[in-house]
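Reader: I work at the bench and would like to learn how to read a structure like this one. Could you take me through it feature by feature?

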Amino acid sequence: MAEAVAAVEEGATPLAGATWILRSPIRDEKLAGSYVAVSGLAELRAIETGDREIAIGAAVTHASLCAALNGSADCAALVQAAGAAANPAIRNVATIGGNLCAFSFAASDLAPALIALDAQAEIYGVSGPERKPIETFLAARAHLARGWLLTRLLVPRNGRISAHARLPLRKAGDYPVAIVSVSAKRSSDRTLRSVRIAVGSVEPVARRWPALERALEGRSLDPEEAAEAARERVGDFQGRDGVEAPGWYRMQVLPKLVRAAMCGVLAQA
Ligand SMILES: Cc1cc2nc3c(=O)[nH]c(=O)nc-3n(C[C@H](O)[C@H](O)[C@H](O)COP(=O)(O)OP(=O)(O)OC[C@H]3O[C@@H](n4cnc5c(N)ncnc54)[C@H](O)[C@@H]3O)c2cc1C
């Protein structure tokens with residue numbers, strides 16, 4: 001780890017599964033002069049399930065994450081996100097860290113899932129490891145001073161139930177047009193508590209939907225009502241225009257995705 005961080009400090013670019021980096025020329029981005037391969041670092045490949053949190057190494061692939069955490073109630077939305085992203089060949093090599101460190105990638109499936117699960121990001125720089133809420137990391141990542149690696153994602157084990165819903169336009173391998181991840185705590189009267197709703201791919205960076213969270217807090221778990229509440233609030237977003245879809249369309253499909261995610265939460269409940 002120390003050698004890898006030192007290499008990054010000296011100007012090398014981290015390289016994990018390379019599925020984002022290989023497309024640099026298509027995005028008119030120059031390839032770096034030197035790379036440091038991080039996929040083989042044992043510290044970054046581990047998944048540890050503790051009493052309070054699940055720690056997922058940044059170099060864990062989407063496929064390994066699904067295999068290791070399938071059935072883990074604490075990570076349902078994340079497993080669904082990792083299992084639905086891209087296609088099997090990409091999932092076998094693309095890493096969690098690479099997905100979150102592709103700064104200009106708006107359609108990350110993992111970002112909204114991790115936000116919904118209230119996860120933290122651990123980065124390792126010259127002053128050692130440091131944790132940040134995932135949203136803080138996503139907002140700050142492009143501006144961090146050189147010389148850091150994303151090392152782990154920490155998902156709290158606090159009894160949340162969660163689900164992930166996404167809309168690719170045509171087939172597996174397409175980037176999703178819009179994404180909704182939802183989590184809430186279980187309550188004995190079947191109402192929603194501590195609701196977290198995250199939206200991805202609609203704006204350049206995934207973020208929470210605070211007005212919808214407030215509207216659903218304390219309400220019963222009803223996917224139709226949740227979709228209606230979402231419909232009234234889609235104006236909270238400024239959809240980005242892109243090759244897959246215009247901004248207005250990304251916003252318009254959100255109520256349907258909220259409904260689908262709520263159905264997923266209901267099934268888990
Ligand atoms: C055909 C195709 C379809 C796709 N569909 C989807 C989809 O539906 N949903 C989705 O979410 N994604 C999708 N993707 C994107 C894919 O998930 C990302 O390309 C992948 O997750 C990046 O991971 P990687 O390990 O290959 O990263 P790399 O390409 O190796 O690196 C990506 C970036 O992260 C940096 N980096 C990597 N690891 C670290 C680290 N530990 N610390 C700091 N910086 C680091 C690199 O320097 C680089 O800037 C798709 C990609 C392809 C090619």
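Reader: Let's start with contacts. Which residues does Thr61 touch, not counting residues up to four places away in sequence?

Author: Contact means heavy atoms within 4.5 Å. By that rule Thr61 touches Arg91, Asn92, Val93, Ala94, Thr95 and Ile96. Before we go on, this is a predicted model, where local features need pLDDT of at least 70, side-chain atom pairs count only at pLDDT 80 or more, and totals for chains, interfaces and linings use all residues. Residues are numbered from 1 along each chain as its sequence is written, and side-chain values use heavy atoms, with hydrogens and water left out.

Reader: Where is Thr61, and is Thr61 buried or exposed?

Author: Helices (H or I, at least four residues) and strands (E, at least two) are DSSP runs, numbered from the N terminus. Thr61 sits in the loop between β4 (53-57) and α3 (62-69). Buried means under 20% relative accessible area, exposed over 50%, and partly exposed in between (1.4 Å probe, protein chains only). Thr61 has a relative accessible area of 13%, so Thr61 is buried.

Reader: Now the ligand, please. How many residues surround the ligand, and which are the closest?

Author: A residue is near a molecule if one of its heavy atoms lies within 4 Å of it. Here 33 residues surround the ligand, and the closest are Pro14, Gly17, Thr19, Thr95 and Asp109. Thr95 is also one of the residues that Thr61 touches.

Reader: What polar contacts does the ligand make with Ala16, Gly17 and Thr19?

Author: A polar contact is a pair of N or O atoms within 3.5 Å; within protein, one must be able to donate a hydrogen and the other to accept it, and residues adjacent in sequence count only if both atoms are side-chain atoms. A polar backbone atom of Ala16 is 2.8 Å from an oxygen atom of the ligand, and one of Gly17 is 2.7 Å from an oxygen atom of the ligand. From Thr19, a polar side-chain atom lies 2.6 Å from a ligand oxygen. Taken alone the ligand exposes 980 Å², and the protein buries 93% of that; accessible areas come from the Shrake-Rupley method with a 1.4 Å probe, and for residues only the protein chains shown count as cover.

Reader: Which domains supply the shell around the ligand?

Author: Domain bounds come from an automatic or database domain assignment. The chain is divided into domain 1 (2-156) and domain 2 (160-268), and the shell draws at least three residues from each. Between the domains, 27 residues of domain 1 are in contact with 27 residues of domain 2, and their C-alpha centres lie 23 Å apart.

Reader: Which residues touch Trp148, leaving aside its neighbours within four places in sequence?

Author: Trp148 is in contact with Val8, Cys101, Phe103, Ile123, Tyr124, Gly125, Phe137 and Arg141. Trp148 counts as buried because its relative accessibility is 12%. By contrast, Ser127, in the loop between β5 (120-125) and β6 (128-133), counts as exposed at 70% relative accessibility.

Reader: One last feature, backbone angles. What is phi of Ala86 and of Arg190?

Author: Most residues other than glycine have a negative phi. Phi of Ala86 is near 55°, a positive value, and phi of Arg190 is near 65°, positive too. Ala86 lies in the loop between α4 (76-84) and α5 (88-93), while Arg190 is in the loop between β9 (176-185) and β10 (193-200). Ala86 is partly exposed, with a relative accessible area of 24%, and Arg190 is exposed, with 52%.
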